[in-house]
Amino acid sequence: MGYLQEARENHVKKKVEEALRSKMKQKALKECDHYALKYAECATGRTMSVVWQCRKQAKELNSCLHQYTNDAVLEEMKREYMLEQDAKASSG
């Protein structure tokens, strides 16, 4: 494989991974909307005190987001993407 072709494939892989990360983050925000609203409600009208006054809500939000945004989830999304690409290639 030539250097140029390899560079193109790596670029495509990076773009795909960026798109999958973005999709993963969107899903996490949607799934954790309840916690985000609770945190926002607590933070409203606060400045520095948000750090200690809303610690519980921040931990709940981060915990929820982590369920949907971790390496295992990303690897599963990559695997599903590759399966879809293989199916398209074999049917086309």
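The following questions and answers concern a predicted model and the grounds for the terms applied to its residues.

Q: Why is V51 called exposed?
A: Exposed means over 50% relative accessible area. V51 has 53% relative accessibility, so the residue counts as exposed. V51 is placed in helix 3, residues 50-53, and together with M48 and W52 it makes a nonpolar surface patch of about 380 Å².

Q: What makes C32 and C64 a disulfide?
A: The term requires cysteine sulfur atoms within 2.5 Å. The sulfur atoms of C32 and C64 are 2.0 Å apart, so the pair qualifies as a disulfide. C32 is in the loop between helix 1 (3-31) and helix 2 (33-43), whereas C64 is in helix 4 (residues 55-68), 32 residues apart.

Q: Why is the disulfide of C32 and C64 called left-handed or right-handed?
A: Its S-S torsion is about -90°, so the disulfide is left-handed.

Q: How do you know that C42 is joined to C54 by a disulfide?
A: The S to S distance is 1.9 Å, and the cut-off is within 2.5 Å, so the pair is a disulfide. C42 lies in helix 2 and C54 in the loop between helix 3 and helix 4, so the link ties together parts 12 residues apart in sequence.

Q: Why are C42 and C54 called buried or exposed?
A: Buried means under 20% relative accessible area. C42 has 10% relative accessibility and therefore counts as buried; C54, with a relative accessible area of 0%, is buried.

Methods
Residues numbered from 1 in each chain as written. Predicted model: local features only at pLDDT ≥ 70, side-chain atom pairs only at ≥ 80, totals over all residues. Heavy atoms only, no water. Patch = residues over 30% accessible without salt bridge, like charges linked within 9 Å, V, L, I, M, F, W, Y side chains within 5 Å. Areas by Shrake-Rupley, 256 points an atom, 1.4 Å probe, with all protein chains shown as cover. Salt bridge = Lys/Arg side-chain N within 4 Å of Asp/Glu carboxyl O. Helix = DSSP H or I, 4+ residues; strand = E, 2+ residues; numbered from the N terminus. Buried < 20%, exposed > 50% of the residue type's maximum accessible area, 1.4 Å probe, protein only.
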